[in-house]
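Let's take a walk through this structure together, one stop at a time. Keep the picture open beside you as you read.

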Amino acid sequence: MEVLNDIVFQVDMDTLLARLHIDKKSEDAKDIQHLLQSAASICKPKTIYEVSYIQDKGHNTVNIGGVIFTSRVLRVNLDKVERVFLYVATCGRELDEIVATTDDFMKQFWLDTIKEMALGSSIKYLDDYLKRKYALGQVSKMNPGSGAKDLWPIEEQKQLFSIFGNVKDLIGVELTDSFLMVPNKSVSGIYFPTEIRFESCQLCPREVCPGRKAPYDKNLLETYYRDRI
Ligand code: SF4
């Protein structure tokens, strides 16, 4: 297991304003500039990962490092895989200190976007780090709770977190009783090598989603349930 906490948070002001749909010359832009400066001075994105090996596979289960995960889609995606990388990445808890000092709804919304971009820095760092350190080729990811309901149930965050032990002590992320993560801009999942790139979005029918990475393929899901393995 390795903790990566030396991640530089660099946000370009133009990119932030574009995401917020704010005019560069507006008064809001000045407030956002101040907010970003404060945020950048304390923000510490972090991530943790573990290299694990698949020990066993059932019809819709996979035993990874002694922990059983249940998802037919995960099972099929890992059919020819032996080594995987489990991870939790986060924007860090530091920005919640600023959130707690304001009840201004707009500021909270801007901060949430900054937190999202900090999480993006964390994920990008981990992507690059794993590819470099383990000489990985093409990889795909799956995340509990991502995509259509039951693709890989969000409750499986519990098993995933159990691989790491006390994730709160390690990188400040904890699970609520409903298996959401705190800080809210955190993500957990599994990287695996793949010949054909997989995105949960391919199996997600949500019509409007700014985060969509691949078109919905309404025929793809049934291919996972054909009795091919
Ligand atoms: S379309 Fe949006 S909600 Fe659905 S899996 Fe992709 S990012 Fe998630």
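## A helix and what it packs against

Start with helix H6: its buried residues pack against quite a list of partners, namely strand S2 (46–57), strand S4 (67–70), strand S5 (83–90), helix H7 (167–171), strand S7 (174–175) and strand S9 (186–193). Keep in mind that what you're looking at is a predicted model.

So which residues of H6 are buried? The helix covers residues 157–164, and the buried ones are Gln157, Leu160, Phe161, Ile163 and Phe164. These residues sit on the same side of H6, because they cover an arc of only 145° around its axis. Swing round to the other side of H6 and you'll meet Lys158 and Ser162, which are exposed.

Now step off the end of the helix. Just after H6 comes Gly165, with a positive phi of about 90°. Then look for Asn166, which you'll find in the loop between H6 and H7. Is Asn166 buried or exposed? A residue with 12 or fewer C-beta neighbours within 10 Å is called exposed, and Asn166 has 9 of them inside 10 Å, so it counts as exposed. From here, you can also look across to Asp177: it is 11 residues away from Asn166 along the chain, and their C-alpha atoms are separated by 16 Å.

Next, let's head to helix H1, at residues 13–20. When two helices pack, people describe the pair by the angle between their axes and the distance between those axes. For H1 and helix H2 (residues 27–42), the axes come within 11 Å and cross at roughly 125°. That angle makes H1 oblique to H2, and the crossing is right-handed. On the H1 side, the contact is made by Met13, Leu16, Leu17 and Leu20, while H2 brings Ala29, Ile32, Gln33 and Leu36. Sort the residues of this contact by class and you get 7 nonpolar, 1 polar and no charged ones.

H1 has another helix to meet, H5 (residues 105–133). The axes of H1 and H5 come within 11 Å and cross at roughly 125°, which means that H1 is oblique to H5. This crossing is right-handed. Here H1 offers Leu16, Arg19 and Leu20, and H5 answers with Trp110, Thr113, Ile114 and Met117. How do the residues of this contact divide by class? There are 5 nonpolar, 1 polar and 1 charged.

Terms used. Residues are numbered from 1 along each chain as its sequence is written. This is a predicted model: local features need pLDDT of at least 70, side-chain atom pairs count only at pLDDT 80 or more; totals for chains, interfaces and linings use all residues. Axes are lines fitted to C-alpha atoms, for helices over the stretch in contact, and angles run from 0 to 180 degrees between N-to-C directions. Helices (H or I, at least four residues) and strands (E, at least two) are DSSP runs, numbered from the N terminus. Angles under 35 degrees count as roughly parallel, over 145 as roughly antiparallel, 65 to 115 as roughly perpendicular and the rest as oblique. A crossing is left-handed if the near helix is turned anticlockwise from the far one by less than a right angle, and right-handed if clockwise. Two residues are in contact if their C-beta atoms, placed from the backbone, lie within 7 Å. Ala, Val, Leu, Ile, Met, Phe, Trp, Tyr, Cys and Pro count as nonpolar, Asp, Glu, Lys and Arg as charged, and the others, Gly among them, as polar. A residue is buried if 20 or more other C-beta atoms lie within 10 Å of its own, exposed if 12 or fewer, and partly exposed in between; C-beta atoms are placed from the backbone. The arc is that of the directions from the helix axis to the C-beta atoms.
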